[in-house]
Amino acid sequence: MREKIEKVIKELKKAKKVTVLTGAGISKESGVPTFRGKEGLWQNYKPEELATPYAFSRDPKKVWEWYDWRRQMLYDKLPNKAHIALVKIEKFVPNFTLITQNVDGLHHKAGSKNVLELHGCIWRMKCWNQCGVPPWEDRTVPLPELPPKCPSCGGIARPDTVWFGEQIPEDVLEASLNALNCDFMFVIGTSGVVQPAASFAYHAKTRGAFLVEVNVEPTPLTSMMDVSLMGKATEIMESIVSGL
Ligand code: NAD
Ligand code: ZN
């Protein structure tokens with residue numbers, strides 16, 4: 001393990017353009033459950049049955065109850081050592097982009113600057129009727145009224161997150177694809193099964209990037225990696241930044 005970490009540090013010190021892709025696993029040690037974990041009250045529901053435009057159009061109150069519960073669960077969660085390590089790496093390298101599939105806002109809370117939220121943010125809402133009002137931030141927990149209302153047209157508001165069957169916003173996707181033209185890429189705490197994020201590592205690899213995976217278990221992406229570091233994101237990322 002030590003040798004692998006030394007190799008990663010050496011490559012990172014050489015790198016001019018670093019891109020990071022994170023998934024639910026990086027927030028696990030902040031106490032945020034991944035979708036694969038048990039979700040208490042909601043464990044009998046699959047996210048695929050709640051996080052869809054169809055589910056929302058049928059029963060917006062139920063979908064909002066799930067989001068309200070997740071927002072309450074996330075409210076006091078703090079960034080962990082892996083989130084903080086990425087802030088240090090951003091300061092260390094000339095060109096840095098952090099692409100996250102997480103909606104929890106913990107990278108921003110940690111202080112990361114150049115963050116692309118592929119799947120949106122649970123602390124933002126937008127108008128379900130698309131009346132034209134831009135998405136707005138709302139951190140109230142619990143929400144006083146479900147579903148919450150659009151402040152502009154008075155219609156129903158929805159979470160500003162990307163649901164199953166929806167497209168990633170074009171500007172975010174384009175910026176992410178540009179960032180894959182890099183010379184070093186970290187893939188941290190993602191199962192590598194949700195597209196298009198799962199193909200990002202492949203794109204970076206074809207452009208010559210050095211690929212490093214950090215995960216507690218092997219994933220479908222592991223065989224593509226230059227270095228695969230198996231273990232908790234906090235411990236591994238901390239030992240990497242302590243060598244910079
Ligand atoms: P996932 O749940 O599919 O996979 C999580 C991955 O993290 C797994 O490969 C697991 O082995 C790994 N992991 C678990 N604990 C770890 C640790 N301590 N250190 C390193 N790795 C660890 O998550 P995904 O790939 O992000 O895809 C699921 C989708 O669910 C995403 O689209 C995301 O938006 C959404 N989601 C987000 C959050 C959040 O915002 N925190 C939480 C749950 C789900
Ligand atoms: Zn509206």
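## Exercises on a predicted model

In this predicted model, the residues that donate to the zinc ion (ligand 2) follow the sequence spacing C-x3-C-x18-C-x2-C.

**Exercise 1. Find which residues coordinate the zinc ion (ligand 2), and explain why the arrangement counts as tetrahedral.**

Step 1. Looking around the zinc ion (ligand 2), one finds the SG atoms of Cys127, Cys131, Cys150 and Cys153, which coordinate the ion at 2.3 to 2.4 Å.

Step 2. The angles come next: the 4 donor atoms subtend 104 to 113° around the zinc ion (ligand 2), and because four donors count as tetrahedral if all angles lie between 85 and 135 degrees, the arrangement is tetrahedral.

Step 3. To place two of these donors along the chain, note that cysteine 131 sits in the loop between β4 (120-127) and β5 (136-137), while cysteine 153 sits in the loop between β5 and β6 (157-161), so that the pair, 22 residues apart, links distant parts of the chain.

**Exercise 2. Decide whether cysteine 131 and cysteine 153 are buried, partly exposed or exposed.**

Step 1. The class in question runs between the two limits, since buried means under 20% relative accessible area and exposed means over 50%.

Step 2. Cysteine 131 has a relative accessibility of 35% and therefore counts as partly exposed, and cysteine 153, at 38%, also counts as partly exposed.

**Exercise 3. Describe the largest cavity and what lines it.**

Step 1. The count of cavities of 30 Å³ or more comes to 1, and the largest cavity holds about 40 Å³ of space.

Step 2. Its lining is made up of Thr100, Asn102, Asp104, Gly105, Leu106, His107, His108, Val115 and Glu117, and the elements that give two or more residues to this lining are α6 (106-110) and β3 (115-117).

Step 3. Helix α6 provides the largest share of the lining, 3 residues, and by character the lining residues divide into 2 nonpolar, 5 polar and 2 charged.

Step 4. Taking one lining residue further, glutamate 117 is found in strand β3 and is buried, with a relative accessible area of 12%; leaving aside residues up to four places away in sequence, glutamate 117 touches Thr100, Gly105, His108, Arg124 and Val172.

**Exercise 4. Explain why helix α9 (residues 233-241) is described as largely enclosed.**

Step 1. The buried residues of α9 are Ala233, Thr234, Ile236, Met237, Ser239, Ile240 and Val241.

Step 2. Because 7 of the 9 residues of α9 are buried, the helix is largely enclosed by the rest of the structure.

Step 3. The surroundings can also be named, for the buried residues of α9 pack against α1 (2-14), α5 (81-92), β7 (184-188), β8 (210-215) and β9 (227-230).

Methods. Residues are numbered from 1 along each chain as its sequence is written. Chains are lettered from A and ligands numbered from 1 in the order in which they are written. This is a predicted model: local features need pLDDT of at least 70, side-chain atom pairs count only at pLDDT 80 or more; totals for chains, interfaces and linings use all residues. Side-chain values use heavy atoms; hydrogens and water are left out. Donors are N, O and S atoms within 2.8 Å of the metal (3.2 Å for Na, K and Ca); water is not among the atoms, so sites may look incomplete. Four donors count as tetrahedral if all angles lie between 85 and 135 degrees; four count as square planar and six as octahedral if opposite donors are over 155 degrees apart and all others between 65 and 115; anything else is irregular. Helices (H or I, at least four residues) and strands (E, at least two) are DSSP runs, numbered from the N terminus. Buried means under 20% relative accessible area, exposed over 50%, partly exposed in between (1.4 Å probe, protein chains only). On a 1 Å grid over the protein atoms alone, a cavity is a set of points where a 1.4 Å probe fits but cannot get out, and a pocket is an open set with protein on both sides within 12 Å along at least five of seven lines; lining residues have an atom within 4 Å of a point. Grid points are joined across faces, edges and corners, and a volume is the space filled by probe spheres set on the points. Ala, Val, Leu, Ile, Met, Phe, Trp, Tyr, Cys and Pro count as nonpolar, Asp, Glu, Lys and Arg as charged, and the others, Gly among them, as polar. Contact means heavy atoms within 4.5 Å.
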